[in-house]
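User: Please take a close look at the nonpolar interior of this model. I would like one connected account.

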Amino acid sequence: MSTTAPAATFSPTPSAVRVRLDLAYDGADFAGWAKQPGLRTVQGELEAGLSRLFGVRREDASLDPRRGGDDGKPAGGLRLVVAGRTDAGVHARGQVAHLDVPETTWRALPGRSDREPGQALVERLAGVLPPDIVVYRATPAPDGFDARFSALARRYAYRIADGYQQRDPRRRGHVLWNRRPLDVAAMNRGVAALLGLRDFAAFCKPRPGATTIRDLKEFTWTRPDDGPDIGLVVGHLVADAFCHNLVRSLVGASLAVGEGRRPAEWLVEVLESQDRQRAAAVVAPHGLTLEQVYYPEDGLLAARAEAVRAVRALSPKHSGVAYS
């Protein structure tokens, strides 16, 4: 079976279906999510695969299918919006993105088969995407859904092996090796003081015009005694969003406490200083995985997106809502 659908003809104002994509990827060979000239990125590979599938020219892949081109003629193309733009080397098991597809194109995806369009899209994408990206679900999104602005929170996990029995060479690309044993109880005492709506300037790599205020809803360290992470030290972090390098900086600071190089109270002292020079080193990205994105009930999606966009328009120093 061919994985490439007939070339789609997009009109300037077609009836469009907003499609939610649930996907996973191994971030080892990617320079992050966002497209960058000359670099391999998740967005770049996924848009290239979708463009091939829909018969859209690669150079038009950033265009929205609901509008025409600059010359007033119908424009082919697509535009992905993602819940969280992961950094280089960071993995994802629960990433979410959306794109708008003309309704006629969406309905034509199954061809002569009796598959649902979403199932057909998933199966066709499996034939054009590289093996380190998997789209495992494609569904029509509820009214008002926006992968980025409708999100309530993102959940990340950071995995560490601090003993030779836990050092599995098969997982070396997804688990950080730490040579010294870690005191999980001390780490939890330290991070407990960081919870809530805080200014994480001391732990973020600053970006022009971006706020460093985040609502850190959960931050705990565990050492599971069963399951796939048995024996590892796993950090669990949930926030409305995370600024650049925030998770990896918090993990680095936690390691300083867990190894006994710093007292538990040191973490909140760094936070309150708002001085990035006081924070510990940022840890390597390969231990970090985006596990899940949380959304409100369907009837609240549009209101959530509208509220977040409204705050986004404010000056960053007045913004209590965060963005990935």
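Analyst:

**The nonpolar core**

The largest nonpolar core holds 72 residues. Within that core, the residues with the most contacts are Leu 21, Leu 23, Leu 50, Leu 121 and Phe 203. Helix α5 gives the largest share of this core, eight residues. Nonpolar side chains tend to be buried together in soluble globular proteins.

Take Leu 121. Beyond its neighbours within four places in sequence, Leu 121 touches Val 19, Leu 21, Leu 50, Leu 53, Phe 54, Trp 106, Leu 109 and Ala 138. Apart from the largest core lies another, of nine residues. Ala 83, Ala 147, Ala 151 and Val 293 are among them.

Now turn to Phe 203. This core residue is also in contact with His 244. His 244 sits in the loop between β9 (233-239) and α5 (246-258). His 244 counts as buried because its relative accessibility is 18%, under the 20% cut-off. Leaving aside neighbours within four places in sequence, the other contacts of His 244 are Asp 87, Cys 204, Lys 205 and Arg 207.

A word on confidence. The model is predicted. The chain averages a pLDDT of 87, and 85% of the residues score at least 70. Over residues 60-76 the pLDDT is below 50. That stretch still has 47 contacts in the model beyond near neighbours in sequence. Residues 314-324 also have a pLDDT below 50. Here the model shows 34 contacts beyond near neighbours in sequence.

Note on methods: Residues numbered from 1 in each chain as written. Predicted model: local features only at pLDDT ≥ 70, side-chain atom pairs only at ≥ 80, totals over all residues. Heavy atoms only, no water. pLDDT = per-residue confidence, 0-100. Contact = heavy atoms within 4.5 Å. Helix = DSSP H or I, 4+ residues; strand = E, 2+ residues; numbered from the N terminus. Buried < 20%, exposed > 50% of the residue type's maximum accessible area, 1.4 Å probe, protein only. Core = buried A, V, L, I, M, F, W, Y, C linked by side-chain atoms within 4.5 Å.
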